[in-house]
Amino acid sequence: MLIRVPSASRCSSADITPESVYLSRRRFMAASGAGLALGALPGVAFAQDVSPYEVPVPAEQPTWFTEKLPGVQWRAVVPVDEAITPFEDATHYNNFYEFGPDKGDPAEHADAMDIEPWTVQIDGAVEKPGTYSVADLVQPHRLEERIYRLRCVEAWSMVIPWLGFPLGELIRRAGPTGGAKYVAFETAVLPEVMPAVDSRFSLIDWPYREGLRIDEAMHPLTILAVGMYGRILEEQNGAPMRLVVPWKYGFKSIKSIVRLSLVEEQPYTTWQNLAPEEYGFYANVNPNVDHPRWTQARERRLPANLFSTNVRDTLMFNGYADEVASLYQGMDLAKFY
Ligand SMILES: Nc1nc2c(c(=O)[nH]1)N[C@H]1C(S)=C(S)[C@@H](COP(=O)(O)O)O[C@H]1N2
Ligand SMILES: [Mo]
């Protein structure tokens, strides 16, 4: 018998979709109509306590989340025509350095984080600064499902169905004033549950910090996510609220946000500060600008397995060039990496 093993250097087009995800997806498409354009169709309601994915759902999800489920706009953006990463991989192969450096550390440690209640401080150049509960921040919004590629700077990627709302809507409600040129974000620092933030040997100057230019923050693809796979976010993925900027390397998508500031100057960001030659402020996914130590032209789509490393070409702006390339018109992307 001839068994063909794809060579590691070639892109594999065979996407492996686990049966359960595939089946629930078929059900889902039948219910909602496949291939929705942005904002084209009203959301399809599912029973409050039922995730359309066959994934573990916590026994108790906060009411601020469950009360939003019947109104969710599923598949709010045309889904990528690529298999959704199995929930197990998306929740057990993570970067969340506060919980440790290994991919399995966040899943092991992060559920000790108490996300209920949780508040986010909004300050800087806004008319309505204050400390708001996540419940209050989510309340005015309809949740949308955004199925996005997530491309880590380490050259692996996934496809994750998030539930969230556009960050721009929140900023508009806060009332940005003239000095609002950038948005700065900070993650919680919880030494009792985050083994790495206490370490004298840690290279990172906590809190983990990220930032966007205001036009990037207002872009309709940029969301604050509170759920994934039709359910609440897992702690290791940044519960209760994290940023998702799909055309940028994953490190921009800061988790477990406690502070959002509208500021005049380009803010301090964690990775840029650690290694400015390797990680820039913009961090736009770009197959033509290599990391100093590896190529960014290709990526490993997880899960990879014994028979397929699942290598594929990385797309300009992670496949979102039509939507976002105009934000960078006239900029030298090799200089502003
Ligand atoms: N606070 C915080 N946010 C973070 C990180 C982190 O270490 N700390 N890692 C980033 C990196 S490098 C990536 S690739 C994504 C991973 O998101 P995921 O685990 O949900 O896939 O989270 C980003 N957000
Ligand atoms: Mo990353």
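Which pocket is taken by ligand 1? Keep that in mind while you load things up, and remember that this is a predicted model.

**Stop one: the ligand**

Select ligand 1 and show the protein surface around it. The space that ligand 1 takes is the largest pocket. Now pull up the residues around the ligand: there are 18, and N94, Y97, E98, T187 and K255 are the ones that come nearest. Colour that shell by residue type and you'll get nine nonpolar, six polar and three charged residues.

Next, switch on distances for a few N and O atoms. Begin with K255, where an N or O atom of the side chain is 2.6 Å from an oxygen atom of ligand 1. Then go to N237: one of its polar side-chain atoms lies 2.9 Å from an oxygen atom of the ligand. For S253, show the backbone, since a backbone N or O atom there lies 2.9 Å from a nitrogen atom of ligand 1. How much of the ligand's accessible area does the protein cover? On its own ligand 1 has 530 Å² of accessible area, and the protein covers 99% of it.

**Stop two: a hairpin**

Select residues 119-124 for β1 and residues 130-133 for β2. These two strands form a hairpin, with five residues between them. Their pairing is antiparallel and runs over four bridges. To see who faces whom, pick Q121 in the viewer and look across to T131 in β2, which stands opposite. While you're here, a reminder for reading side chains: in a regular strand they alternate between the two faces of the sheet.

**Stop three: two cis peptide bonds**

Jump to the loop between β5 (182-187) and β6 (209-213), where you'll find P207. Check the peptide bond joining W206 and P207: it is cis, with omega at about 5 degrees.

Then move on to the loop between β11 (298-301) and β12 (311-313), which holds P303. Here a cis peptide bond joins L302 and P303, and omega is about 0 degrees.

**Last stop: a positive phi**

Stay between β11 and β12 and select N310, which lies in that loop too. What is phi of N310 near? The value is near 55 degrees, so to speak on the positive side, in a residue other than glycine.

Notes: Residues are numbered from 1 along each chain as its sequence is written. Chains are lettered from A and ligands numbered from 1 in the order in which they are written. This is a predicted model: local features need pLDDT of at least 70, side-chain atom pairs count only at pLDDT 80 or more; totals for chains, interfaces and linings use all residues. Side-chain values use heavy atoms; hydrogens and water are left out. A residue is near a molecule or strand if one of its heavy atoms lies within 4 Å of it. A polar contact is a pair of N or O atoms within 3.5 Å; within protein, one must be able to donate a hydrogen and the other to accept it, and residues adjacent in sequence count only if both atoms are side-chain atoms. Accessible areas come from the Shrake-Rupley method with a 1.4 Å probe; for residues, only the protein chains shown count as cover. On a 1 Å grid over the protein atoms alone, a cavity is a set of points where a 1.4 Å probe fits but cannot get out, and a pocket is an open set with protein on both sides within 12 Å along at least five of seven lines; lining residues have an atom within 4 Å of a point. A molecule sits in a cavity or pocket if more than half of its atoms lie within 2 Å of its grid points. Ala, Val, Leu, Ile, Met, Phe, Trp, Tyr, Cys and Pro count as nonpolar, Asp, Glu, Lys and Arg as charged, and the others, Gly among them, as polar. Two strands pair if DSSP finds at least two bridges between them.
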